[in-house]
Amino acid sequence: MKAIVKSKAEPGLWLEDVPEPEIGINDVKIRVLRTGICGTDVHIYNWDAWSQSTISIPTILGHEIVGEIIEVGSNVNDFYEGDIVSVEGHLVCGRCRNCLAGRRYKCANTLGFGVNTDGGFAEFMVVPYTNIWKHEKGIDLDVAAIFDPFGNAVHTALAFEVFGEDVLITGAGPIGIMASAVAKKAGARHIVITDINPKRLGLAEKMGSVTKAINTKELSIKETQKELGMVEGFDVGFEMSGSPVALRDMVANMAHGGNIAFLGIPSDPFEIDWKPVIFNMLDIKGIYGRQMYETWYQMSVLIETGLDISPVITHRFSYRDFEEGFEAMKTGDSGKVILDWEH
Ligand code: NAD
Ligand code: ZN
């Protein structure tokens, strides 16, 4: 089968012929239909320091996947050939304290498809049946391909109550933009999203769920609060940029007793002024992955009841043209980029 492989310890990815994976008794085999490219894939493409210390050669990339089941293992019930399923990108151990307590998303031994083990940038993929989510018939396949990052957005946006609250989102990447749509649907009052890239802010506006999309190089969050008639600061913050400046800005603009859900991954350790966290009694919660499978249930219900995240998809390519997809990602201006494995 064809697969996009990190097969050399240098920048780049290579479309190669590799053997089809073998199915085990607890697995399903899927024909991959669409995949999304994640920022993580770009790090691996570029072969940065993190990738060099994390990725074994060779590894098939890809963890944003939708496919059709073509075979089920002998131990698998409830999934059938023809089912359209998305893949949960985190593999959990099932044996640690959190897994045994039913908190699988907090597994102490989490591994990632396409990072720690072969992923789904391939014509076929084998996945444990505990790692898939079945879609209703008629789901938009491009949307189903990005359930993994959509899940990051939903997990973060619903980490704290947002009904009637003012929400600050730092980072208008695809995840920040999808989170704005979820917060809106969950009943937030003002939703302010920040970025330093005008193209990303334009995409956030196109999604139609933000009160204001601001470039913090031109307008401060404080001034924006004033314009909106806010007096006490934001009730809920979603940090979705990984930028130290953005987290500091957020902490300085929260209401007393405010809640911060922290998803963005900073590249290096950094300092913040902890005094407002203490004196303003802020809660900061780290968010990783998606709740298995409560977040997935919420995603399906959000889509079923009319949430449209498709404006965040800006590029679509055949897998054969994956280099163009990565080029689009590298500009930093794109939304989600989809690779089509059928055409
Ligand atoms: P992205 O890199 O596409 O978007 C981040 C955005 O933040 C960019 O548009 C960038 O211009 C903006 N930004 C940079 N500095 C800023 C600043 N000072 N103020 C405001 N915005 C600023 O990323 P994404 O795919 O949307 O993901 C969002 C973040 O979440 C990334 O940091 C990613 O690594 C992280 N992530 C975390 C998890 C998890 O499970 N915790 C999963 C996926 C992604
Ligand atoms: Zn575990």
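Trainee: Quick one to start: is Thr59 buried or exposed?

Mentor: Thr59 counts as buried, at 4% relative accessibility. Buried means under 20% relative accessible area, exposed over 50% and partly exposed in between, using a 1.4 Å probe and protein chains only. This is a predicted model, where local features need pLDDT of at least 70 and side-chain atom pairs count only at pLDDT 80 or more, while totals for chains, interfaces and linings use all residues. Residues are numbered from 1 along each chain as its sequence is written, chains are lettered from A and ligands numbered from 1 in the order in which they are written, and side-chain values use heavy atoms, with hydrogens and water left out.

Trainee: Ok, and where does Thr59 sit?

Mentor: In strand E4, residues 59-60. Helices (H or I, at least four residues) and strands (E, at least two) are DSSP runs, numbered from the N terminus. A polar atom of the Thr59 side chain lies 2.5 Å from the backbone oxygen of Ser56. That's a polar contact: a pair of N or O atoms within 3.5 Å; within protein, one must be able to donate a hydrogen and the other to accept it, and residues adjacent in sequence count only if both atoms are side-chain atoms.

Trainee: Switching to ligand 1. Which residues come nearest?

Mentor: Asp195, Arg200, Ile265, Ile287 and Gly289, out of 21 around ligand 1. A residue makes that list if one of its heavy atoms lies within 4 Å.

Trainee: What do the ligand's oxygen atoms touch, say at Arg200 and Ile265?

Mentor: One ligand oxygen is 2.9 Å from a side-chain N or O atom of Arg200. For Ile265, a polar backbone atom is 3.1 Å from a ligand oxygen. The protein covers 78% of the 860 Å² of accessible area that ligand 1 has on its own, going by the Shrake-Rupley method with a 1.4 Å probe (for residues, only the protein chains shown count as cover).

Trainee: How many aromatic pairs are there overall?

Mentor: Eight, searching the whole structure. Rings of Phe, Tyr and Trp (its six-membered ring) pair if their centres lie within 6.5 Å; planes under 30 degrees apart count as stacked, over 60 as edge-to-face and the rest as tilted. Tyr319 and Trp341 are stacked because their ring centres are 4.4 Å apart and their planes at 5 degrees.

Trainee: What does that pair tie together?

Mentor: Parts that are 22 residues apart in sequence, because Tyr319 lies in the loop between strand E17 (313-318) and helix H12 (322-330), and Trp341 in the segment after strand E18 (336-340). Tyr319 is buried at 4%, and Trp341 is buried at 5%.

Trainee: Which residues do ring pairs link into a cluster?

Mentor: Trp133, Phe147, Phe150, Tyr293 and Trp296.
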